[in-house]
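Here's a quick briefing to read alongside the model. Keep the viewer open and follow along topic by topic.

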Amino acid sequence: QRTLLPVRSKPESWDLRLQARTRSPLCCLTAVIGQKVDNVPYGISTKEVYQMAVPKRKVSRARRDMRQQLDALNGIGVDGIIVQDLAVFDYVAANFADMEVHCSTQMGVDDLEGTMLLKEMGADRVVLAREVDLADVKKIRKAAKIPIEVFVHGALCVSYSGNCLMSGLIGYRSGNRGRCVGSCRKPYELLERESGRSYGTSYLLSMKDLNTIDHIEDLKSIDSLKIEGRMKEPAYVANVVKRYRKALDEGADQVEQEALQKTFNRTYTEGYMFGEDPGSITNIQRPNNFGYEIGTVRGSFKGMYEIALTKTLHQNDIIRIDHENEDVNLSVARLYDQEGKLINQADDTCYIKIKEKLSPGDVVYKTKDYLFYKGLDADLDKEFRRFPLDLKVYAYPGAALVIDAEGFGMQYLYESEEILEE
């Protein structure tokens, strides 16, 4: 038997983590869109995620707050609610005929019986557990005759269907209440329980990112493909959605796969849906952006390091160099040729001044392609649509926070229950 021990487990180390689902209050939604979601000038459908588990000691208060929030969401025209809790499910299904109820993957639905039960209860769509293989997904969809949604790309939770208890037990913040601290992205030491022998420390629980674009033809029969983009930058979302949309319309090729590597990734797995070997589904080397390999350090030359490239490197790209399992990260502000002249790009060999010590054979990875991101930003600029929004914020010590917003011909006034302090 072997035991996983956390290398860092002090509560202080978790305090600066962003709350992934709970950091945006409901008032922000209504203030920005002028109380009516269907006034958003994109013609898009809006879904609100409402899947937090509530502590038993707060059930009575939570029930009241839940109903108030759902009533407010329905009032502003939200098209659907993604739920985990059956109490929320029942309230939406019973009270809002024009608001769809979608069953979250955190319900852990992985078979036909569970899908049929939720359909009978009033579900409009079921997001299946990520552990269901594709053949079973298709069987469930065919027999249940209800829209099915599956995850096809993005971060994976190490816990079954996202029902994680580690975050609350180790990090003191529950991932099931929208406050995940990423316990699985921390380093752990693997120990033999009886002898105490250590097998080393690494990111043993850190899952690779899901990437199924090569199976796009198999996925076309599914009603909805879900891309995990929570807390990601706009460029990441734009890139991934663009690649999958193009693959759906024209088929996937190597160009799309390479483009996906140019935004955040922890290296890729095809996941349980396509029978990935459990031994290959984690990346124990690092829990953050891995990038993609572009070359190796060949040696030093005239106070610079010579890098043999397999892919083009541009000025202003961001790279990391793996030196003895430690990362050297830098933005390529200056790029030189063999004669010491500044250049904008290099295709096979380049020279860079780096103060850290490197060794021949160190692998170089590109973590941000400057020109690629510039192209994504240009595409995003075309998508932005400006509209007049008059927003006044009143904040005084000893008084409530007041926000007065006007836009889309509507006005919204918000006043906080809390009193501001100096």
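**Backbone oddities, helix faces and a crossing**

At 68% relative accessibility, Lys302 is over the 50% cut-off, so Lys302 counts as exposed. Bear in mind that this is a predicted model. From here we go through two unusual phi values, one helix with two sides, a strand glycine and a helix pair.

**Positive phi outside glycine**

- Most residues other than glycine have a negative phi.
- Lys302 goes the other way, with a positive phi near 50°.
- You'll find Lys302 in the loop that joins β12 to β13 (304-309).
- Ser161 is another non-glycine with a positive phi, this one about 55°.
- Ser161 sits in the loop between β6 and α6 (166-171).
- With a relative accessibility of 1%, Ser161 counts as buried.

**Helix α4 and its two sides**

- Which residues of helix α4 (residues 112-121) are buried? They are Gly114, Thr115 and Leu118.
- Looking down the axis of α4, those buried residues fit within an arc of 100°, so they line one face of the helix.
- Glu113 and Glu120 are exposed on the other side of α4.
- What do the buried residues of α4 pack against? Their partners are two helices, α3 (86-95) and α5 (134-144), plus the strands β4 (100-103), β5 (125-127) and β6 (148-154).
- At the start of α4, Asp111 puts a side-chain oxygen within 2.8 Å of the backbone nitrogen of Gly114.
- Just past the helix, Gly122 has a positive phi of about 120°.

**Gly295 in its strand**

- Gly295 belongs to strand β12 (residues 292-301).
- Its relative accessible area is 2%, so Gly295 is buried.
- If you skip neighbours within four places in sequence, Gly295 is in contact with Ala308, Leu309 and Thr310, and also with Asp362, Val363 and Val364.
- Asp348 is 53 residues from Gly295 along the chain, and their C-alpha atoms are 8.8 Å apart.

**α8 across α10**

- Two packed helices are described by the angle between their axes and the distance between the axes.
- For helix α8 (residues 234-250) and helix α10 (residues 370-383), the axes come within 10 Å and cross at roughly 85°.
- The two helices, α8 and α10, are therefore roughly perpendicular to each other.
- On the α8 side, the contact uses Pro234, Ala235, Ala238, Asn239, Lys242 and Arg243.
- On the α10 side, the contact uses Phe372, Tyr373, Leu376, Asp379 and Leu380.
- Sorted by class, the contact of α8 with α10 has seven nonpolar residues, one polar and three charged.

Methods:
Residues numbered from 1 in each chain as written. Predicted model: local features only at pLDDT ≥ 70, side-chain atom pairs only at ≥ 80, totals over all residues. Heavy atoms only, no water. Buried < 20%, exposed > 50% of the residue type's maximum accessible area, 1.4 Å probe, protein only. Helix = DSSP H or I, 4+ residues; strand = E, 2+ residues; numbered from the N terminus. Arc of directions from axis to C-beta. Contact = heavy atoms within 4.5 Å. Polar contact = N/O pair within 3.5 Å; in protein donor to acceptor, adjacent residues only side chain to side chain. Axes fitted to C-alpha atoms, helices over the stretch in contact; angles between N-to-C directions. Parallel < 35°, antiparallel > 145°, perpendicular 65-115°, else oblique. Nonpolar A, V, L, I, M, F, W, Y, C, P; charged D, E, K, R; others polar.
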